[in-house]
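Me: Hi! I am new to reading protein structures. Please take me through this one a small step at a time.

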Amino acid sequence: MKKLIFIFCFMLLGFFPSCIAPNPQNSLNPEEKDVYITNYDPSGKFSTYKTYSISDSVVYSSNQDTIIKKALGSIDIITLSTIKSAMQQKGYLYVPKDQNPDVGISVNRVNVISTGTAISYPYGYGSGYGYGSGYGYGYGGYGGYYGNPAYIYNYQVTNDALILQMVDLKDHTDPKKLKVVWEGEVLGDFSPNQSVALEKRLTDGIQNIFTQSTYLKIN
Amino acid sequence: MKKVNFLYISFVFILIYTSAFSQSNSQVLAGDKIFSVNYSLGIPNGSLHNFISNKMINGFNADVRSFITDKFAAGLSIGWNNFKEQYPRETYPNGNGSYSSVRTKYLSTAPVMLTGFYHFTTNKKINPYATAGAGIHLVTYNKWDGAFGDSKSSVKFGARLGAGVLVPFTDTFGLNLTARYNYAAFSYNEVKDIQYLDVSLGLYFISF
């Protein structure tokens, strides 16, 4: 009988690990872990915008550093050109800033090193992820423009974000208070030495956020 | 999973083959105890099926029953069933916008039940019994979009009804096959009360 009880206990121990919840961090590649989020302001007149301009560099900010930096490395050049290409496919025409573009696009990279992050959404992104109150973290905007601030909240995993904001330069009363009419985000872990190159993840993410924003098109 | 299925099927064949040439001659009496350990297939139903439709052999349970009379036994059952489903990248609408993710859903339930068993026979080639239990379920709900998750764990009341058979190989050892319909009063997001069928196959041991 002792032998039977031993077998019984051994089988219980042997199967114990199967009751532990799986962690998708272990089964997904870095690109599969990325989430692409888009939001728009219903008052945005996307079909009437014809021209756009884009920041000439990428703005980097982190909760580990109080300094907000601009950069134009090789990955930033790829990021900007992918955005330009996506805008062109949507029918928008690129013009320099001094030629009165209808909209401006700012490109930001945000890094937060903590356990659990999520980003607030100016247009009321839903509470499906249980975003709670946390600490705010603003980031730089398009050239000299600053859109609605986004905030990163503690949630579950450490993350980075590529955030594109489109501001309306056509319809505003105060150039210091520009309205963000669209926002696209690629959320993921952008730390180096991952199995999928960051360039590919960012270009795929950018293409996805434009693809899922079907309202971004001109007449 | 294929490896598990192969092992499971092999296990069933070996035990059925063995049982065809064996039979217990001894009657289980009041005071005797039966221990059983089992693999379990979970088949989700109701809102759990809407949440995760996969049937999974990813469960395990064990019980001990003590015979109060020659036919009626009472005891404790413990175990767990895990349900998991993963979807390729999809775009989901959300307010004034949308998000795109690889979605993973997971639900685990670990019941601890006070259980009653009514055995119609205990000394035949196949000995059927009915079972009912009530107790608690430790439930863990997870839904991830990429690496972002929403989770909830809680302990809730649960109950079950089922039936099974004991197929003896020797006087003290045999095959246990049981099917139990489980209910747990757990509701969160799209899951409104948990219902699932667990079909379990394993071994039992009798302590006279």
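Reply: Let's start with a term: a salt bridge is a side-chain nitrogen of Lys or Arg within 4 Å of a carboxyl oxygen of Asp or Glu. This is a predicted model, in which local features need pLDDT of at least 70, side-chain atom pairs count only at pLDDT 80 or more, and totals for chains, interfaces and linings use all residues. Residues are numbered from 1 along each chain as its sequence is written, chains are lettered from A and ligands numbered from 1 in the order in which they are written, and side-chain values use heavy atoms, with hydrogens and water left out.

Me: How far apart are the closest N and O atoms of A:Lys200 and A:Asp204?
Reply: First, where they sit: helices (H or I, at least four residues) and strands (E, at least two) are DSSP runs, numbered from the N terminus. The two residues are separated by about one helical turn because they are four residues apart in helix 5 (residues 198-211) of chain A. They form a salt bridge, and the gap between the closest N and O atoms is 2.5 Å.

Me: Is A:Asp204 buried or exposed?
Reply: Buried means under 20% relative accessible area, exposed over 50%, and partly exposed in between (1.4 Å probe, protein chains only). Its partner A:Lys200 is partly exposed, since its relative accessibility is 42%. A:Asp204 has a relative accessible area of 19%, so this residue counts as buried.

Me: B:Arg180 and B:Asp198 also form a salt bridge. How many residues apart in sequence are the parts that this pair ties together?
Reply: The closest N and O atoms of B:Arg180 and B:Asp198 are 3.4 Å apart. B:Arg180 belongs to strand 7 of chain B and B:Asp198 to strand 8 of that chain, so the sequence distance between the parts they tie together, in residues, is 18.

Me: What is the relative accessible area of B:Asp198?
Reply: B:Arg180 is buried, because its relative accessible area is 4%. B:Asp198 is buried too, and its value is 0%.

Me: Which residues are joined into one network by salt bridges that share partners?
Reply: For this we go back to chain A. Here A:Lys200 and A:Asp204 are in the network, and the full set is A:Glu31, A:Lys200 and A:Asp204.

Me: Which element gives the largest share of the lining of the second largest cavity?
Reply: On a 1 Å grid over the protein atoms alone, a cavity is a set of points where a 1.4 Å probe fits but cannot get out, while a pocket is an open set with protein on both sides within 12 Å along at least five of seven lines; lining residues have an atom within 4 Å of a point. This cavity is lined by residues including B:Ile78, B:Trp80, B:Arg180 and B:Asp198. Strand 2 (56-67), strand 3 and strand 8 (191-207) of chain B each give two or more residues to its lining. The largest share, four residues, comes from strand 3 of chain B.

Me: What is the volume of the second largest pocket?
Reply: Among the residues lining this pocket are A:Tyr60, A:Arg109 and A:Phe190. Strand 3 (58-62), strand 4 (65-71), strand 6 (103-112) and strand 9 (159-168) of chain A each give two or more residues to the lining. A volume is the space filled by probe spheres set on the grid points, which are joined across faces, edges and corners. For this pocket the volume is about 150 Å³.

Me: Where does B:Asn189 lie?
Reply: Most residues other than glycine have a negative phi. B:Asn189 has a positive phi near 50°, and it is partly exposed because its relative accessibility is 35%. Its place is the loop between strand 7 (173-188) and strand 8 of chain B.

Me: Which strand holds B:Asp193, another residue with a positive phi?
Reply: Phi of B:Asp193 is about 65°, although this residue is not a glycine. It counts as partly exposed, because its relative accessibility is 28%. The element that holds B:Asp193 is strand 8 of chain B.

Me: To finish, how many strands are there in chain B?
Reply: From the N terminus on, the elements of chain B run α-β-α-β-β-β-β-β-β-β. Of its 208 residues, 52% count as buried. Along with two helices, the number of strands is eight.
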